[in-house]
Amino acid sequence: MSAAEPGPRARTGFVAIVGRPNVGKSTLLNALVGEHVSITSRKPQTTRHRVLGVLTQTADTQPVRQFIFVDTPGFQRKHKSLLTRRMNETVRAALAEVDAIVFVIDARGWTPEDEAVLELLPRGRGNVVLAINKADQLSDRGALLPLLASSAQRFPFAALVPVSAEKAWQLDDLLAEVGKLLPEGEPLFDADQFTDRSVRFLAAELIREKAFRLLGDELPYGLTVTIDRWDESEGRAVIAATLVVDRDPHKAIVIGAGGAKLREIGRLARIDIERLIGKPVFLETHVRVRRGWSDDAHALKQFGYE
């Protein structure tokens, strides 16, 4: 290439990460972006919002490819609340709007829930890459071969890539395959930006993540978090947050004996929020009841579930 010839144009595109609940979509997004963009836990319905994670690859300081990943909620066939229906609508909308799709399944094989998501995928566009997650957990890697063969028979995937989101294994291979599907176009985000969400949103999600992880099976699905106060100076941030539950008995579960659960949720969340904003945080947490909020359209709008 002569000095007068322009280099190849940058590629920029939206990429939906889809799959059944609890298959590792958010862990994969965080690993690809290299930041804690989307919260994770072993409990289904952890991801409720459509969250963008941005990865910009550069060469000679110039953007070459910008992946704008859309982390979607797990497609649900249980818990038929208005919240769940809206989460499913988010998945359908993302599939129709993006340039490429990463469909995530577990390396242990297909499930009926995977099949339900498969039925939503566009067959004629050639823009779906299958990511077979948790491949590192197989005692016999040879078991991947029949899974790859059967997967190729189910759908005309553009590529099939075994990965480990947790161990960041073969993620470069996944990016290479997805990158082939991105259209030419200039970046939409600055190179150092990793999400479209505000720090207030991320802080609320980090608090909800700690509740999901600490309470486990005790945790009611009807829990969300609001940020009620955010006072930030150069030296520290003072934040007040409320954990909202939809039934009176759930309030006691979240608070715990002598307030122990709520204190631990706050302590762990504070550590991550300090890492997020780069300064000390004073975090005050409360719990209140808003009965039936997950089936209340006004409440869903108030809590950001559009």
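**A three-stranded sheet and its surroundings**

Student: Which residue in β8 does Trp230 stand opposite?

Tutor: The model is a predicted one. β7 spans residues 223–232, and Trp230 falls within these bounds. The strand β8 covers residues 237–245 and is joined to β7 by 9 bridges. Across this pairing, the residue in β8 opposite Trp230 is Ile239.

Student: Do β7 and β8 run parallel or antiparallel, and which is it?

Tutor: A hairpin of 4 residues connects β7 to β8. Val225 of the hairpin pair stands opposite Leu243 in β8, while Trp230 stands opposite Ile239. The residue number rises on one side and falls on the other, and the direction of the two strands is antiparallel.

Student: In what order do the 3 strands of the open sheet stand?

Tutor: β8 has antiparallel bridges to β7. β8 also pairs with β9 in the parallel sense, over 9 bridges. The pairing in the sheet is therefore mixed, with β7 and β9 at the edges. The order is β7-β8-β9.

Student: Why is one side of β7 and of β9 left without a neighbour in the sheet?

Tutor: The sheet is open, with 3 strands in it, and the twist averages 20 degrees from one strand to the next. β7 (223–232) and β9 (281–289) stand at its edges, so one side of each has no neighbour, and the reason is that each has a single partner strand.

Student: Which residue of β9 stands opposite Thr242?

Tutor: Thr242 is one of the buried residues of β8. β8 and β9 are joined by 9 bridges in the parallel sense. In β9, the residue opposite Thr242 is His286.

Student: How many of the residues of β8 are buried?

Tutor: On one side of β8, Ala237, Ile239, Ala241, Leu243 and Val245 are buried. On the other side, Val238, Ala240, Thr242 and Val244 are buried as well, so that both faces are covered. The strand is therefore largely enclosed by the rest of the structure, the count of buried residues being 9 of the 9.

Student: What angle does the direction of helix α7 make with that of β9?

Tutor: Helix α7, residues 248–255, packs on the sheet and touches β7, β8 and β9. Helix α6 (residues 199–215) also touches these strands, and its direction makes about 135 degrees with that of β7. For α7 and β9 the angle is about 155 degrees.

Student: How many Å apart are His250 and Val287 in space, C-alpha to C-alpha?

Tutor: His250 lies in helix α7, which packs on the sheet. With a relative accessible area of 14%, under the 20% limit, His250 counts as buried. His250 and Val287 are 37 residues apart in sequence, and their C-alpha distance is 9.6 Å.

Student: Is the pair of Phe103 and Phe157 stacked or tilted?

Tutor: The whole structure holds 4 aromatic pairs. In this one, the rings are 6.5 Å apart centre to centre with 25 degrees between the planes. Phe103 is in strand β4 and Phe157 in the loop between α4 and β6, 54 residues apart. Planes under 30 degrees apart count as stacked, so this pair is stacked.

Student: Which residues form one aromatic cluster?

Tutor: Phe103 is buried at 0% relative accessible area, and Phe157 at 11%. Phe155 and Phe157 make a tilted pair, with ring centres 4.9 Å apart and planes at 45 degrees. Phe155 is buried too. The cluster consists of Phe103, Trp110, Phe155 and Phe157.

Student: Which residues is Leu171 in contact with, leaving aside its neighbours within four places in sequence?

Tutor: Leu171 lies in helix α5 and is buried, with a relative accessible area of 7%. Its C-alpha atom is separated by 8.8 Å from that of Val161, 10 residues apart along the chain. Beyond four places in sequence, the contacts of Leu171 are Leu28, Ala31, Leu32, Val163 and Ser164.

Student: Over which residues is the pLDDT below 50?

Tutor: The chain has a mean pLDDT of 85, and 85% of its residues reach 70 or more. One stretch falls below 50 and has 3 contacts in the model beyond near neighbours in sequence. Where pLDDT is low, the predicted coordinates should not be read in detail. The stretch is residues 1–5.

Note on methods: Residues are numbered from 1 along each chain as its sequence is written. This is a predicted model: local features need pLDDT of at least 70, side-chain atom pairs count only at pLDDT 80 or more; totals for chains, interfaces and linings use all residues. Side-chain values use heavy atoms; hydrogens and water are left out. Two strands pair if DSSP finds at least two bridges between them. Axes are lines fitted to C-alpha atoms, for helices over the stretch in contact, and angles run from 0 to 180 degrees between N-to-C directions. Contact means heavy atoms within 4.5 Å. Buried means under 20% relative accessible area, exposed over 50%, partly exposed in between (1.4 Å probe, protein chains only). pLDDT is the predictor's confidence in each residue, from 0 to 100. Rings of Phe, Tyr and Trp (its six-membered ring) pair if their centres lie within 6.5 Å; planes under 30 degrees apart count as stacked, over 60 as edge-to-face and the rest as tilted.
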